[in-house]
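Me: I should like to learn how to read the features of a structural model one by one. Could we begin with how exposure is judged?

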Amino acid sequence: MGFRKDFLWGGAIAAHQAEGAWDVDGKGVSIADVMTAGDNVTKTPRRITRGVLEGEDYPNHKAIDFYYHYKEDLKLCAEMGFKSFRTSIAWTRIYPNGDDEQPNEAGLKFYDEMFDTMKELGIEPVITLSHFEMPYNLAAKYNGFMDRRCIGFFERFARTCFARYKGKVKYWMTFNEINNQAEWRAMGAHHMVQEGAVLVNEGDDMEAMMYESAHNELVASALAVKAAHEIDPDAMVGCMIGMNGVYPATPNPADVLNAQQAMHQKYYFVEVHARGHYPSHMLKKFERKGYDFIKEGDAEILEAGKVDYIGFSYYMSFATQFTGRFGDTYDFSEEDYVRNTYLKASDWGWQIDPIGLRWVLNWFNDRFELPMMIVENGFGAYDKVIDRTEEGYMIDDQYRIDYLSAHIAAMRDAVNYDGVDLLGYQMWAPIDIVSASTGEYDKRYGFIYVNENNAHTGDFSRDKKKSFFWYKNVIATNGEEL
Ligand code: BGP
């Protein structure tokens, strides 16, 4: 019973949310570099500007300055006993414009040194190739993955990384939360630019663009998996799915069918990644809509580029109620989400559902029988600094401990009772970083506090929260003591 002996306990961040140094050592401008700061209190959303504009607040430009602090930050993670650390490679450090012929050596060297540091600390790197930080040039010049040339640019970037870090990095993932864009009706423009560097203009057919650019990303992902297997037979390449399961709001069969259709729409991506082909319901949808972007040869590529494991993030769950909006198809729309009255929510409205984690682990396992890795799970909250306690912390984040322990208990049940094959757990995020959805510093996830805030009055110093000591014991007992 319990987690495997070599269970990859750890934490996850992404380059753009942590590194800063946005224009240092030859780095190009990324999508994240043109996203402004938002604010949950004033309900100010992030904006995407066309290029870097004077006078705007771009929080990712400095982020938490991890570029210059990563050694001390990783040491703190090692102190907690981390066995793994997930981050991403900023594409713009390696190919500043995305379509460059030659990689930027200074960028490659930076990650060489970071991975060496991890190895010295006994920490296994788990690396995402594209985490919401595609080169801005690819958006401006090609409209991102709407242009099939981006498939080749991504493959080149992936091959460069696999060849360079062979022997240092074993666990890879292709596109972070590739499926968020499936909610194109609610957050379309935001997700499509984050995931595929696709800029949506007034009057565009967003739905058609989403399916087409996502298809090109899926082809690019499959080519990367194939390349990794050729270059390094020891490499394990996973997909990365943003998994927040959708329940029917009631036992009314119409709600049940509607929830199933929601799962189809949001998670067909993993069917393609894991099975190597589209599910029939998606092919029917494409036929119904008259989409013809699947080109000759794509089917063979998808088949040859099946992933080795399923990486996914899990934060919350949703519930949907059928409104009849799309008639017989029972298609789903995010507008049909309803609040789940059985669940509480975070200050950002994210519904807290530990049992849902066991449910999604089973959902994946029933379909794919592949190893899995939970590569994000965490609790964003406003933390309050208090006088330092005798135990040595100055933030009493018991709410974060409660969230994480309930989720770890649920995944332990999925291992013990359901027999799911779980490789590791990287909580999000061991150190406070810039929020991806809102661009805030004040939405904090860390065991390690970073003294910076939305108003930019901090000094970037690091400190330990109560949860730091708690997680250290979780790892030391291999998840026995929560
Ligand atoms: C996921 C992303 C991360 C991350 C996390 C928390 O969607 O992969 O990049 O930030 O969610 O979201 P947020 O930062 O918006 O709170």
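Reply: Exposure is read from relative accessible area: a residue counts as exposed over 50% and as buried under 20%, with partly exposed in between. In this predicted model, D292 has a relative accessibility of 60% and therefore counts as exposed. D292 lies in the loop between α10 (280-289) and α11 (298-304).

Me: Which residue lies 8.7 Å from D292 in space, C-alpha to C-alpha, and how many residues apart in sequence are they?

Reply: The residue is E212, and the two are 80 residues apart in sequence.

Me: Is T341 buried or exposed?

Reply: The same reading applies. T341 has a relative accessible area of 61%, so this residue is exposed. T341 is placed in the loop between β9 (337-338) and α12 (354-368). Along the chain, T341 and Q351 are 10 residues apart, and their C-alpha atoms are separated by 9.7 Å.

Me: How is an intermediate value to be read, for instance that of E230?

Reply: Such a value falls between the two cut-offs, under which partly exposed is the proper term. E230, at 46% relative accessibility, therefore counts as partly exposed. This residue lies in helix α8 (residues 206-231).

Me: With which side chain does the side chain of E230 make a polar contact?

Reply: A polar contact is a pair of N or O atoms within 3.5 Å. The partner of E230 here is the side chain of R159, at 3.3 Å. A separate comparison concerns A163: the C-alpha atoms of E230 and A163 are separated by 10.0 Å, although their positions lie 67 residues apart along the chain as a sequence separation.

Me: What is the relative accessible area of T92, and where is this residue placed?

Reply: T92 belongs to helix α3 (residues 91-94). Its relative accessible area is 0%, so T92 is buried. The side chain of T92 is joined to that of K27 by a polar contact of 3.3 Å.

Me: Is R444 buried or exposed?

Reply: R444 counts as buried because its relative accessibility is 5%. The residue sits in the loop between β11 (422-428) and β12 (448-450). R400 is 44 residues from R444 in sequence, and their C-alpha atoms are 9.9 Å apart in space.

Me: What should one look for in the backbone angles?

Reply: Most residues other than glycine have a negative phi, and most peptide bonds are trans. Departures from either pattern are thus what to look for. E177 has a phi near 40°, which is positive in a residue other than glycine. Y330 also is not a glycine and has a positive phi of about 60°.

Me: Where do E177 and Y330 lie, and how accessible are they?

Reply: E177 lies in the loop between β4 (171-175) and α7 (184-196). With a relative accessible area of 10%, E177 is buried. Y330 is found in the loop between β8 (318-320) and β9. With a relative accessible area of 21%, Y330 is partly exposed.

Me: Which peptide bond is cis?

Reply: The bond from W428 to A429 is cis, with omega near -20°. A429 is found in the loop between β11 and β12.

Me: How does one read a bend in a helix?

Reply: The bend is the angle between axes fitted on either side of a residue. Helix α2 (residues 66-79) has a kink of about 35°, centred on E72. The buried residues of α2 include F66, Y67, D73 and L74. After α2 comes G81, with a positive phi near 90°.

Me: Finally, how should the surroundings of the ligand be read?

Reply: One begins with the residues around the ligand, then turns to polar distances. The ligand is surrounded by 14 residues, and the closest are Q17, E177, A436, S437 and Y445. A polar side-chain atom of Q17 lies 2.7 Å from an oxygen atom of the ligand. For K443, the distance from a polar side-chain atom to a ligand oxygen atom is 2.7 Å. An N or O atom in the side chain of H131 is 2.8 Å from an oxygen atom of the ligand. Of the 370 Å² of accessible area that the ligand has on its own, the protein covers 95%.

Me: Which pocket does the ligand take up?

Reply: The space taken by the ligand is the largest pocket.

Methods: Residues are numbered from 1 along each chain as its sequence is written. This is a predicted model: local features need pLDDT of at least 70, side-chain atom pairs count only at pLDDT 80 or more; totals for chains, interfaces and linings use all residues. Side-chain values use heavy atoms; hydrogens and water are left out. The bend at a residue is the angle between axes fitted to the seven residues ending there and the seven starting there. Helices (H or I, at least four residues) and strands (E, at least two) are DSSP runs, numbered from the N terminus. Buried means under 20% relative accessible area, exposed over 50%, partly exposed in between (1.4 Å probe, protein chains only). A residue is near a molecule or strand if one of its heavy atoms lies within 4 Å of it. A polar contact is a pair of N or O atoms within 3.5 Å; within protein, one must be able to donate a hydrogen and the other to accept it, and residues adjacent in sequence count only if both atoms are side-chain atoms. Accessible areas come from the Shrake-Rupley method with a 1.4 Å probe; for residues, only the protein chains shown count as cover. On a 1 Å grid over the protein atoms alone, a cavity is a set of points where a 1.4 Å probe fits but cannot get out, and a pocket is an open set with protein on both sides within 12 Å along at least five of seven lines; lining residues have an atom within 4 Å of a point. A molecule sits in a cavity or pocket if more than half of its atoms lie within 2 Å of its grid points.
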